[in-house]
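I opened a new notebook page for this one. Come along as I look things up, one entry at a time.

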Protein chains: 2
Amino acid sequence: MDIELAARQLEALGSPTRLKVYRALVRAGHDGLPVRGLQQRVGIPASTLSHHLHRLILTGLVVQERQATTLICRAVYPAMRSLVGFLVDECCLDEQCGRAGEAA
Amino acid sequence: MDIELAARQLEALGSPTRLKVYRALVRAGHDGLPVRGLQQRVGIPASTLSHHLHRLILTGLVVQERQATTLICRAVYPAMRSLVGFLVDECCLDEQCGRAGEAA
DNA sequence: CCTGTAATTCCACAGTTATCGAATTAGGTG
DNA sequence: CACCTAATTCGATAACTGTGGAATTACAGG
């Protein structure tokens with residue numbers, strides 16, 4: 001995992017709106033959510049949502065698939081997995097980030 | 001862990017410069033690093049570094065402690081731990097983010 | 001082809017961020 | 001106190017971000 005990619009993905013998640021969007025998608029599971037459903041859940045105008053989705057897609061955290069007239073959005077789980085892996089491997093020392101030691 | 005705090009911390013880490021700063025601090029371990037040493041490692045002007053450090057400190061990811069004329073910076077490991085915890089607990093579904101399934 | 005729904009793209013604007021030289025504050029030493 | 005090093009704060013500027021209404025593209029059905 002490249003540090004530049006990690007930074008871009010962290011930045012993509014680093015907006016309350018986008019984090020809520022992403023979380024909604026993760027919670028939607030494998031079936032994903034249409035943009036419309038996402039919009040109702042997050043409660044923002046369509047154009048704003050579209051911009052945020054675009055950013056999430058650019059970093060590889062989200063993909064879209066067209067089903068007739070609706071676009072289904074899905075979280076890309078492997079991307080999140082490697083991002084978390086980066087944080088743990090590159091940014092944490094084992095002793096300090098391991099569960100042992102102190103209960104946060 | 002509040003989603004707003006998570007977003008602010010993700011944003012703080014979501015800049016290549018700040019991510020490098022943070023990583024350097026984590027790697028420095030418990031002893032931390034003086035601002036000067038950090039500056040040499042990351043290679044940016046002091047004032048720029050100071051701003052980035054300030055942002056990291058505001059989100060609770062980094063702390064500073066004065067030792068005479070030098071300021072020692074340290075990564076706050078529990079903060080990273082709970083951020084990673086948030087990503088795993090709130091943004092990942094067990095089945096999809098568990099190590100089982102596929103090897104990323 | 002006309003219509004309707006889905007979603008994006010266009011456009012504009014206010015607010016924020018990154019950057020860094022210069023000035024300033026903090027703290028120790030002769 | 002004068003001086004030195006460490007680091008921050010000030011000030012200014014260019015670039016980017018978030019936001020959302022309006023126009024546009026994409027697709028299906030009658």
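These are my entries on the core, the salt bridges and the DNA surface.

**Entry 1: before anything else**

I noted that I am working with a predicted model.

**Entry 2: the core**

I started inside the protein. Which residues have the most contacts inside the largest nonpolar core? I found Leu13(A), Leu38(A), Leu13(B), Leu25(B) and Leu38(B), in a core of 62 residues.

I then picked Leu38(A) and looked up its contacts, leaving aside neighbours within four places in sequence. My list for Leu38(A) reads Val21(A), Ala24(A), Leu25(A), Leu33(A), Leu49(A), Leu53(A) and Cys73(A).

**Entry 3: helix α1 of chain B**

Next I turned to helix α1 of chain B, which covers residues 3–13. I wrote down its buried residues: Ile3(B), Ala6(B), Ala7(B), Gln9(B), Leu10(B), Ala12(B) and Leu13(B). Leu13(B) was already on my page as one of the residues with the most contacts in the largest core.

I also checked how this helix begins. At the start of α1(B), Asp2(B) brings a side-chain oxygen to within 3.2 Å of the backbone nitrogen of Glu4(B).

**Entry 4: salt bridges**

How many salt bridges are there over all chains? I get six, and I followed up some of them.

I looked at Lys20(B) and Glu4(A), whose side chains form a salt bridge with an N to O distance of 3.6 Å. Lys20(B) sits in helix α2 (residues 16–28) of chain B and Glu4(A) in helix α1 (residues 3–13) of chain A, so this pair joins two chains. Are these two buried or exposed? Lys20(B) is partly exposed at 33% relative accessible area, and Glu4(A) is partly exposed at 35%.

I then looked up Lys20(A), which makes a salt bridge with Glu4(B), with 3.6 Å between the closest N and O atoms. Here Lys20(A) belongs to helix α2 (residues 16–28) of chain A and Glu4(B) to helix α1 of chain B, so this pair also joins two chains. I noted relative accessibilities of 33% for Lys20(A) and 35% for Glu4(B); Lys20(A) counts as partly exposed, and so does Glu4(B).

I added Arg74(B) and Glu65(B), a salt bridge in which the closest N and O atoms are 2.6 Å apart. Arg74(B) is partly exposed at 21% relative accessibility. Buried would mean under 20%. Glu65(B) is partly exposed too, at 35%.

**Entry 5: around DNA strand C**

Then I went to the DNA. Which of the 22 residues around DNA strand C come nearest? They are Arg36(A), Ser50(A), Gln64(A), His51(B) and His52(B).

I also asked which parts of the strand the protein meets. Of the strand C atoms within 4 Å of the protein, 66% belong to sugar or phosphate, and the rest to bases.

I picked out some individual contacts:

- His52(B) has a side-chain N or O atom 2.7 Å from a phosphate oxygen of strand C.
- Thr48(B) has a polar side-chain atom 3.4 Å from a phosphate oxygen of strand C.
- His51(A) has a side-chain N or O atom 3.4 Å from a base nitrogen of strand C.

Looking up the elements, I found that those giving two or more residues to this surface are α3 (35–42), α4 (46–58) and β3 (70–75) of chain A, together with α4 (46–58) of chain B. The most comes from α4(B), with five residues.

My last note is on residue classes: the surface near strand C has six nonpolar, eleven polar and five charged residues.

Note on methods: Residues are numbered from 1 along each chain as its sequence is written. Chains are lettered from A and ligands numbered from 1 in the order in which they are written. This is a predicted model: local features need pLDDT of at least 70, side-chain atom pairs count only at pLDDT 80 or more; totals for chains, interfaces and linings use all residues. Side-chain values use heavy atoms; hydrogens and water are left out. A nonpolar core is a set of buried Ala, Val, Leu, Ile, Met, Phe, Trp, Tyr and Cys residues joined through side-chain atoms within 4.5 Å. Buried means under 20% relative accessible area, exposed over 50%, partly exposed in between (1.4 Å probe, protein chains only). Contact means heavy atoms within 4.5 Å. Helices (H or I, at least four residues) and strands (E, at least two) are DSSP runs, numbered from the N terminus. A polar contact is a pair of N or O atoms within 3.5 Å; within protein, one must be able to donate a hydrogen and the other to accept it, and residues adjacent in sequence count only if both atoms are side-chain atoms. A residue is near a molecule or strand if one of its heavy atoms lies within 4 Å of it. Ala, Val, Leu, Ile, Met, Phe, Trp, Tyr, Cys and Pro count as nonpolar, Asp, Glu, Lys and Arg as charged, and the others, Gly among them, as polar. A salt bridge is a side-chain nitrogen of Lys or Arg within 4 Å of a carboxyl oxygen of Asp or Glu.
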